[in-house]
Amino acid sequence: MSRFNRRVQIPDLQLPKYDDAEEEGDYSDNNGVARLTTTGSNVSDDQEPVMGVKVLRQASRHRDIKGDYLDVPSHSYLMKIFQKQGDKQVLFADKVLKFTASGKMKHRILLITDFALYIIDPETNALKRRIALAAVEKTCLSDLSDNFLAIIIPKEYDLLMASTRKTEIVAVLVEATKSASDFELEVVFSNRC
């Protein structure tokens with residue numbers, strides 16, 4: 001048999017039961033197709049909401065928060081970069097995916113200090129961008145369970161990233177801006193920002 005003419009038999013699947021759905025197997029008004037009915041809230045009893053809106057994934061609920069996932073003091077080039085700018089404390093450091101305006105993905109190191117946000121190229125160990133925390137207007141997260149995070153900077157171009165630790169990044173940014181100034185960073189949950 002050719003590899004393009006293979007047939008796979010799938011056993012009868014048990015369709016998941018959705019909110020306000022009819023008895024299992026009774027989808028007569030939907031032509032045999034299960035339909036998802038929405039409820040007033042996307043948070044069930046066994047889930048925790050993030051900032052009252054978005055539901056955390058199961059893996060994110062019981063994760064140890066470390067902050068510095070790269071051990072910045074052991075990397076002299078990272079220490080030089082943020083000390084040269086006058087920052088004293090690293091609040092968060094991790095590898096992220098940064099998306100360019102053309103849609104390309106680039107591996108970057110995200111460093112959040114007490115006064116600024118740094119984007120560093122791990123291949124060349126060069127500082128690509130420094131953003132003062134005072135310049136950040138808001139952060140945007142989608143309503144979906146994904147890893148995307150947008151940081152909106154009105155006087156410069158925005159920053160779109162993907163990270164498995166986006167909840168921690170947002171929490172650190174909110175706390176850092178609150179302690180650096182009296183301004184509280186706005187966190188928006190929307191699929192359009």
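How exposed is N125, in terms of relative accessible area? N125 is partly exposed, with a relative accessible area of 33%. That residue is one small stop on a tour of this predicted model, whose chain has three helices and 10 strands. Along the sequence, these elements follow the pattern β-β-α-α-β-β-β-β-β-β-β-α-β. Here is what you can look for as you turn the structure on your screen.

**The chain as a whole**

- The chain has 193 residues, and 35% of them are buried.
- Its accessible surface comes to about 12,900 Å², with carbon and sulfur atoms contributing 49% of that area.
- Among contacts with a separation of 6 or more, 45% are between residues 24 or more positions apart.

**The sheet**

- Eight strands make up an open sheet with mixed pairing, and their order is β6-β5-β4-β3-β9-β8-β7-β10.
- At the edges sit β6 (126–132) and β10 (186–189), each of which pairs on one side only.
- On average, neighbouring strands of this sheet are turned by 30° against each other, direction ignored.
- Strand β7 (residues 138–141) runs antiparallel to β8 (residues 148–152), and four bridges join the two.
- To find this pairing on screen, start at T139, whose bridge partner in β8 is I151.
- Helix α3 (residues 166–180) packs on the sheet, where it touches β3 (90–99), β4 (105–113), β5 (116–121), β7, β8 and β10.
- The direction of α3 makes about 130° with that of β3.

**Strand β5 and its two hairpins**

- All six residues of β5 are buried, so to speak a strand that is mostly covered.
- In a regular strand, side chains alternate between the two faces of the sheet.
- In β5, A116, Y118 and I120 point one way, while L117, I119 and D121 point the other way; all of them are buried.
- On one side, β5 runs antiparallel to β4, joined by four bridges, and the two strands form a hairpin with two residues between them.
- Within that hairpin, L110 has I119 of β5 as its bridge partner.
- β5 also pairs with β6 in the antiparallel sense, over six bridges, and D121 stands opposite A126 in β6.
- The β5–β6 hairpin has four residues between its strands, and this is the loop where N125 is found.

**Helix α2: one side in, one side out**

- In α2 (residues 76–84), the residues L78, I81 and F82 are buried.
- Why do they fall on the same side of α2? They cover an arc of only 80° around the axis, which puts them there together.
- The buried residues of α2 pack against β3, β4, β5 and β6.
- The face turned away from this buried side carries the exposed residues S76, K80 and K84.
- After α2 comes G86, with a positive phi near 95°.

**Two nonpolar cores**

- The largest nonpolar core has 25 residues, and L110, L117 and I151 touch the most other members.
- At least two residues of this core come from each of β3, β4, β5, β8, β9 (159–162), α3 and β10.
- Helix α3 supplies the largest share, with six residues.
- Which residues does I151 contact, leaving aside neighbours within four places in sequence? Its contacts are L117, V136, K138, T139, D158, L159, M161 and L173.
- There is also a second, separate core of 11 residues, and V72, A93, A116 and Y118 are among them.

**Two residues with positive phi**

- N125 is not a glycine, yet its phi is positive at about 55°.
- D71 is not a glycine either, and it has a positive phi of about 55°.
- You will find D71 in the loop between α1 (58–61) and α2.
- D71 counts as partly exposed, at 43% relative accessibility.

Notes. Residues numbered from 1 in each chain as written. Predicted model: local features only at pLDDT ≥ 70, side-chain atom pairs only at ≥ 80, totals over all residues. Heavy atoms only, no water. Pairing = 2+ DSSP bridges. Axes fitted to C-alpha atoms, helices over the stretch in contact; angles between N-to-C directions. Contact = heavy atoms within 4.5 Å. Buried < 20%, exposed > 50% of the residue type's maximum accessible area, 1.4 Å probe, protein only. Arc of directions from axis to C-beta. Areas by Shrake-Rupley, 256 points an atom, 1.4 Å probe, with all protein chains shown as cover. Core = buried A, V, L, I, M, F, W, Y, C linked by side-chain atoms within 4.5 Å.
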